[in-house]
Amino acid sequence: MLNPETSLASLWLIVSRLVELHGIDPQPFRQEIGVPAAALRDVNARLPSRLVDIAFAKAATLIPDPAFALRAGECWHPSNLGTMGYAWLSSRTLHTGLKRLERFGCILGNRATYRCVDTPGGLRFVLEHGRGDTPIGHSIADFTLSLLLGMCRTNYGGKLNATALCLRRPEPADSQPWLRVFGGDVQFGSLEDSLLLDRAAVNAPLPSANIPLANTFDRILTEQLAHFFDDDIVSRCKAYLLRELTSGVPSAQETGTALGMSQRTLQRKLHQLGLTYQSLCDEARHELARRYLDDTNKSVTEVTFLLGFSGIMEQPPPAADAQPGENSLVLNEQEHCSWRRATWLRP
């Protein structure tokens, strides 16, 4: 089981580059905080989140610029985010990438949470860093949101700006650094730390998209979620279901055995979370459907089998104006795919 609050050690390479940009030697900086050099070379290493707080507090005393963390977007490399970094690069749109971060972000650091909110003005990405309305929290918000915008610009293009930025930090004497980095309206003293992105931009297909790779990375991230958070019964159960669905839906007893518990224990644990085994199977199939339907090389029939359906196709209901004797299976591939999307991906 993970320490309640840990983060991926390789993220410290971003912090190291950030302080180096401000004239601080990163090696003694890390040593004084207690970050072991060997951990930075271990792709699976995790470090206590409290070290992040110590680092930002120390950086704030050494760097006179209150906007020092805004340069994080210049300091990242996909490998610093582990599998998430490469999943981000291969995402079909910024929207799918941000949703990936919402779901798997706890792998990067389980003290923070991320939330995507659809609004009339665009997609609002809300950060809850877990530090409250404090000076350290303000710097971490600057760091995270500027890093996120840098990641978006890498995929979309350098001209992408935020439509709006909300920050809990009080309005500084000079707000120009925030305006220069984010390029949109900035609201200080807000109730949340969030970034608003244009709807057309976040839904535009990206030239860097690679659906097969993105699906592969999703499988790895799902496995990591189940492994790192081994007390998370939902993640462990979903990881198993996603592996097994192509061979048919495993029974609750088979899943329980795979997770090292009885069927009754599994169902009791899910019931305590307000879930059922069937609802979890449906969620896993829903997620798998999204992956497969993004891959234009897969036919509807192939996707049907990969999702563990026993028949060749569940026929859609006939159209209201269908003539007697007409069969819904005469739908062409595009029409049938649209129907399957509506069926499988229904909220």
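## A walk through helices, salt bridges and aromatic pairs

Let us start with a pair of helices: H6 and helix H7 (residues 135-156) pack with their axes 11 Å apart and at an angle of about 145 degrees. Please keep in mind along the way that this is a predicted model. The crossing of the two helices, H6 and H7, is right-handed. Which residues make this contact? On the H6 side they are Leu94, Leu98 and Leu101, and these meet Leu148, Cys152, Asn155 and Tyr156 of H7. Sorted by character, the residues of the contact between H6 and H7 comprise 6 nonpolar and 1 polar, with no charged residue.

With that contact in view, we can step back to the whole chain. Its secondary structure amounts to 16 helices and 7 strands. Of the 347 residues in the chain, 50% are counted as buried. If you take the contacts in the chain with a separation of 6 or more, 66% of them come from residues 24 or more positions apart. Several of the pairs below show how parts of the chain that lie apart in sequence are linked.

Back in helix H6, have a look at His95, which lies in this helix. Is His95 buried or exposed? Its relative accessibility is 17%, and the limit for buried is under 20%, so His95 counts as buried. Which residues does His95 touch, once its neighbours within four places in sequence are left aside? They are Asp118, Leu123, Val202 and Asn203.

Helix H6 also brings us to the salt bridges. Side chains of opposite charge can pair when their charged atoms come close. The structure holds 12 salt bridges, and one of them joins Arg100 to Asp218, with 2.7 Å between the closest N and O atoms. What does this pair tie together? Arg100 belongs to helix H6 (residues 94-108) and Asp218 to helix H10 (residues 211-228), so the salt bridge ties together parts that are 118 residues apart in sequence. Arg100 and Asp218 are both buried.

A second salt bridge has its partners in a loop and a strand. Here Arg168 pairs with Glu128, and the closest N and O atoms are 3.6 Å apart. Arg168 sits in the loop between strand E5 (164-166) and helix H8 (176-182), while Glu128 is in strand E4 (residues 122-128), and the pair links these distant parts of the chain across 40 residues. Arg168 is buried, its relative accessible area being 12%, whereas Glu128 is partly exposed at 34%.

A third salt bridge is formed by the side chains of Glu32 and Lys58, with an N to O distance of 2.6 Å. It links distant parts of the chain, with Glu32 in helix H2 (residues 26-33) and Lys58 in helix H4 (residues 50-62), 26 residues apart. How accessible is Glu32? Its relative accessible area is 57%, and since exposed means over 50%, Glu32 is exposed. Lys58, with a relative accessible area of 25%, is partly exposed. Salt bridges also join up into a network, which links Glu5, Asp53, Arg111 and Arg131.

Now for the aromatic rings. A pair of aromatic rings is described by the distance of the centres and the angle of the planes. The count for this structure comes to 5 aromatic pairs. In one of them, Phe56 and Phe68 are tilted, with 6.3 Å from centre to centre and 40 degrees between the planes. Phe56 lies in helix H4 and Phe68 in the loop between H4 and helix H5 (83-89), so this pair ties together parts that are 12 residues apart in sequence. Phe56 is buried at 5% relative accessibility, and Phe68 is buried with a relative accessible area of 3%.

Another aromatic pair, Trp178 with Phe188, is edge-to-face, with 5.7 Å centre to centre and 90 degrees between the planes. Because Trp178 lies in helix H8 and Phe188 in the loop between strand E6 (185-187) and strand E7 (193-197), the pair ties together parts that are 10 residues apart in sequence. Trp178 and Phe188 are both buried.

The last stop takes us back to Phe56 and Phe68, which form one aromatic cluster together with Phe143.

How values were computed
Residues are numbered from 1 along each chain as its sequence is written. This is a predicted model: local features need pLDDT of at least 70, side-chain atom pairs count only at pLDDT 80 or more; totals for chains, interfaces and linings use all residues. Side-chain values use heavy atoms; hydrogens and water are left out. A salt bridge is a side-chain nitrogen of Lys or Arg within 4 Å of a carboxyl oxygen of Asp or Glu. Helices (H or I, at least four residues) and strands (E, at least two) are DSSP runs, numbered from the N terminus. Buried means under 20% relative accessible area, exposed over 50%, partly exposed in between (1.4 Å probe, protein chains only). Rings of Phe, Tyr and Trp (its six-membered ring) pair if their centres lie within 6.5 Å; planes under 30 degrees apart count as stacked, over 60 as edge-to-face and the rest as tilted. Axes are lines fitted to C-alpha atoms, for helices over the stretch in contact, and angles run from 0 to 180 degrees between N-to-C directions. A crossing is left-handed if the near helix is turned anticlockwise from the far one by less than a right angle, and right-handed if clockwise. Contact means heavy atoms within 4.5 Å. Ala, Val, Leu, Ile, Met, Phe, Trp, Tyr, Cys and Pro count as nonpolar, Asp, Glu, Lys and Arg as charged, and the others, Gly among them, as polar.
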